[in-house]
Amino acid sequence: MNRTNKLEAIFWSIALPGFGQILNGQLIKGMIFIFLEFLINVMSSFNNAIMLSFLGKISEAIKIIDYQWLMFYPCVYMFAMYDAYKHAEGDTPHLSFLPFAFGAYFVTVGLMYSAKLTIFGILLGPIWLPILSLIPGLLVGFLIRYTIIKCQKN
């Protein structure tokens, strides 16, 4: 089976963790990621919280979410994306895991603060604050990767 390209693997993993692995021919690993995604999603009431957040019912989303389960989601999600990227066709750049790892870390921290932290007086809740936390996480990961690579060349 031909492996997929890295960009396609990332986008399918964004759609559902495990899809990138299936495209890469790693069926068992893909099914495990899909199972974990469904398990965490159901146990944390994540889909209900997404729906309530899109409807602007942030306080209700906070009340129904099970944070103990949802805390697993960022790491599973970002690792599935990185794994699909790593095993897709083409060279994997040195230290390319760093943006994924820092993205997962920052999303997790955003999730921890999501019930209390307001930005400009707006409570973003367990969906929007973690999503927004991904941006600085990726930036920090790319910056650290860039710095390490520069230091290793000197």
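Accessible areas in this tour come from the Shrake-Rupley method with a 1.4 Å probe, and for residues only the protein chains shown count as cover. With that in mind, show the surface of the whole protein chain, which exposes about 9100 Å², of which carbon and sulfur atoms supply 71%.

What you have open is a predicted model, in which local features need pLDDT of at least 70 and side-chain atom pairs count only at pLDDT 80 or more, while totals for chains, interfaces and linings use all residues. Residues are numbered from 1 along each chain as its sequence is written, and side-chain values use heavy atoms, with hydrogens and water left out.

**The whole chain**

Switch to a cartoon view, where the protein chain shows nine helices and two strands; these are DSSP runs, with helices being H or I of at least four residues and strands E of at least two, numbered from the N terminus. Followed from the N terminus, the order of elements is α-α-α-α-α-α-α-α-β-β-α. The C-alpha trace spans about 45 × 40 × 20 Å along its principal axes.

If you colour the 154 residues by accessibility, 40% of them count as buried, where buried means under 20% relative accessible area, exposed over 50%, and partly exposed in between, using a 1.4 Å probe and protein chains only. Among contacts between residues at least 6 apart in sequence, 62% join residues at least 24 apart, a contact being heavy atoms within 4.5 Å.

**The nonpolar core**

Next, select F46, L70, Y73, M78, M81 and F100, which touch the most other members among the 21 residues of the largest nonpolar core. Such a core is a set of buried Ala, Val, Leu, Ile, Met, Phe, Trp, Tyr and Cys residues joined through side-chain atoms within 4.5 Å. Helices α3 (27-44), α4 (46-54), α7 (73-87) and α8 (97-113) each supply at least two residues of this core, and α7 gives the most to it, with eight residues. In soluble globular proteins, nonpolar side chains tend to be buried together.

Stay with L70 and display its surroundings: leaving out residues up to four places away in sequence, L70 touches I40, S44, F46, I65, L111 and P126.

**Aromatic rings**

Now show the aromatic side chains, among which the structure holds nine pairs; rings of Phe, Tyr and Trp (its six-membered ring) pair if their centres lie within 6.5 Å, and planes under 30 degrees apart count as stacked, over 60 as edge-to-face and the rest as tilted. Select F33 and F79, whose ring centres are 6.0 Å apart and whose planes stand at 50 degrees, so the pair is tilted. This pair links distant parts of the chain, with F33 in helix α3 and F79 in helix α7, 46 residues apart. F33 is buried, with a relative accessible area of 8%, whereas F79 is partly exposed at 47%. Then add F46, Y73 and Y77, which ring pairs link into a cluster.

**Loops to look at**

Move to S45, in the loop between α3 and α4, where phi is near 60 degrees, a positive value in a residue other than glycine. S45 counts as partly exposed, at 22% relative accessibility.

Another positive phi, near 55 degrees, belongs to F120, again a residue other than glycine. F120 is found in the loop between β1 (118-119) and β2 (122-123), and with a relative accessible area of 82% this residue is exposed.

Select G56 as well, in the loop between α4 and α5 (58-64), where it is exposed, with a relative accessible area of 56%. A distance from G56 to Y82, C-alpha to C-alpha, comes to 31 Å, although the two are 26 residues apart in sequence.

**Towards the two ends**

Select W12 in helix α1 (residues 6-15), and consider whether this residue is buried or partly exposed. At 40% relative accessibility, W12 counts as partly exposed. Apart from its neighbours within four places in sequence, W12 is in contact with F19, G20 and L23. The C-alpha atoms of W12 and L27, which are 15 residues apart along the chain, are separated by 14 Å.

Finish at I131 in helix α9 (residues 125-153), a partly exposed residue with a relative accessible area of 47%. From I131 to F35, 96 residues apart along the chain, the C-alpha atoms are separated by 22 Å.
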